[in-house]
Amino acid sequence: MQSRNQLEEEIPKRQWSLRNFEIGKPLGKGKFGRVYVAREVKSKYIVALKIIFKEQIEKYRIHHQLRREMEIQTSLHHPNILRLYGWFHDDERIFLILEYAHKGELYKELRKKGHLTERQAATYILSLTRALAYCHEKHVIHRDIKPENLLLDHEGRLKIADFGWSVQSRSKRHTMCGTLDYLAPEMVENKAHDYAVDNWTLGILCYEFLYGGPPFEAESQTDTFKRIKEVDLSFPSTPCVSPEAKNLISRLLVKDSSKRLSLQKIMEHPWIIKNADLMGICN
Ligand SMILES: CCc1cccc(CC)c1NC(=O)n1cc2c(c1)/C(=N\C(=O)c1ccc(N3CCN(C)CC3)cc1)N=N2
């Protein structure tokens, strides 16, 4: 039985093929592919195998996006970022060998519980902040951090998945992307944007973890855009949320991107210091 480290070291070098894996149950399906639990035959190591059909890549013209996602996610090694160990292909499919997150999607836990405790929310926000600080050091902006893209491993540790919208950024970006609720004003107004969009999203997520839904939700897209542009932020009286949490949210959901709390300052914020579990685990 190979240890996890041995296999992880071996994975990037080896040429993999479908013969090396026993495919298990489907985990989910996205726009371009499906993900299955799989076991590497020799080591018995459990992974998630994301299968994307080449005809879908042609049809949706996402060559460059998929290549970028693969290059970026392969290069990122962080405890809160889902590993892409390697990939292979056959005539009609591309297979991504991904880290397996045993506890599935964070948003399902959020829907089930309605909202998270301040301890859970602060722990997840700290994990996300650490992962984003690591990404920004490597000039990567994720741009699509939302509960649907957050997974939990067997210990309940948060893992950012799906780098389909991330970019290797050296200059300001203009491409529109992401779901409406999480878009920062500068993206809604189609202005140039930079790393600070991820700081805005942390504010959105912190609000959603504590209240159960994003702050600028509205009946129509137009209304959501309007509320984002005006930063029309209000805190419901229930559930009861501490003033420190509201302070952090208010210092992230700031229209002027240069005035948003930096990732370093988030890690030092009193609410994070008081509530977050430093190991990133809080079941
Ligand atoms: C193709 C699917 C897709 C489309 C778009 C974006 C993403 C990233 C989240 C993905 N998923 C993806 O890439 N994924 C990469 C992954 C991955 C998804 C995953 N695990 C699960 O999806 C999962 C789901 C439910 C689960 N159980 C639910 C019921 N519980 C009682 C026990 C645990 C356990 C694991 N591990 N690596």
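**Figure 1. The hairpin of strand 1 and strand 2.** Two strands pair if DSSP finds at least two bridges between them. Helices (H or I, at least four residues) and strands (E, at least two) are DSSP runs, numbered from the N terminus. The structure is a predicted model, in which local features need pLDDT of at least 70 and side-chain atom pairs count only at pLDDT 80 or more, while totals for chains, interfaces and linings use all residues. Residues are numbered from 1 along each chain as its sequence is written, and side-chain values use heavy atoms, with hydrogens and water left out. The view shows strand 1, residues 21-29, paired with strand 2, residues 33-40, in the antiparallel sense. Six bridges hold this pairing. One point of reference is Ile-23, whose bridge partner in strand 2 is Ala-38. Three residues lie between strand 1 and strand 2, and the two strands form a hairpin.

**Figure 2. The shell around the ligand.** The ligand is surrounded by 19 residues (a residue is near a molecule if one of its heavy atoms lies within 4 Å of it), and those that come nearest are Val-35, Ala-48, Glu-99, Ala-101 and His-102. Strand 1, strand 2 and strand 3, residues 46-53, each supply at least two residues of this shell. Strand 1 gives the largest share, three residues.

**Figure 3. Polar atoms facing the ligand.** This close-up concerns Glu-99, Ala-101 and Lys-50. A polar backbone atom of Ala-101 is 2.8 Å from a nitrogen atom of the ligand. Glu-99 likewise places a polar backbone atom 2.9 Å from a nitrogen atom of the ligand. In the case of Lys-50, a polar side-chain atom lies 3.4 Å from an oxygen atom of the ligand. The ligand taken alone exposes 750 Å² (Shrake-Rupley method, 1.4 Å probe), and the protein buries 71% of that area.

**Figure 4. The hairpin of strand 4 and strand 5.** Strand 4 covers residues 84-89 and strand 5 covers residues 93-98; they run antiparallel and are joined by five bridges. Leu-84 stands opposite Leu-98 in strand 5. A hairpin of three residues leads from strand 4 to strand 5.

**Figure 5. The open sheet of strands 6, 8 and 9.** Three strands make up this open sheet, in the order 6-8-9 and with antiparallel pairing. Its edge strands are strand 6, residues 104-105, and strand 9, residues 158-160, each of which pairs on one side only. Strand 8, residues 150-152, is joined to strand 9 by three bridges. Within this pairing, Leu-150 is opposite Ile-160 in strand 9.

**Figure 6. Lys-108 and its surroundings.** Lys-108 belongs to helix 4, which spans residues 106-113. Its side chain is joined to that of Glu-105 by a polar contact of 3.1 Å (a pair of N or O atoms within 3.5 Å; within protein, one must be able to donate a hydrogen and the other to accept it, and residues adjacent in sequence count only if both atoms are side-chain atoms). Although Pro-147 is 39 residues from Lys-108 along the chain, the C-alpha atoms of the two are separated by 8.6 Å.

**Figure 7. Backbone geometry in two loops.** Most residues other than glycine have a negative phi, and most peptide bonds are trans. Lys-44, in the loop between strand 2 and strand 3, has a positive phi near 65 degrees. The bond joining Thr-238 and Pro-239 is a cis peptide bond, with omega of about -5 degrees. Pro-239 is located in the loop between helix 8, residues 221-229, and helix 9, residues 243-252.
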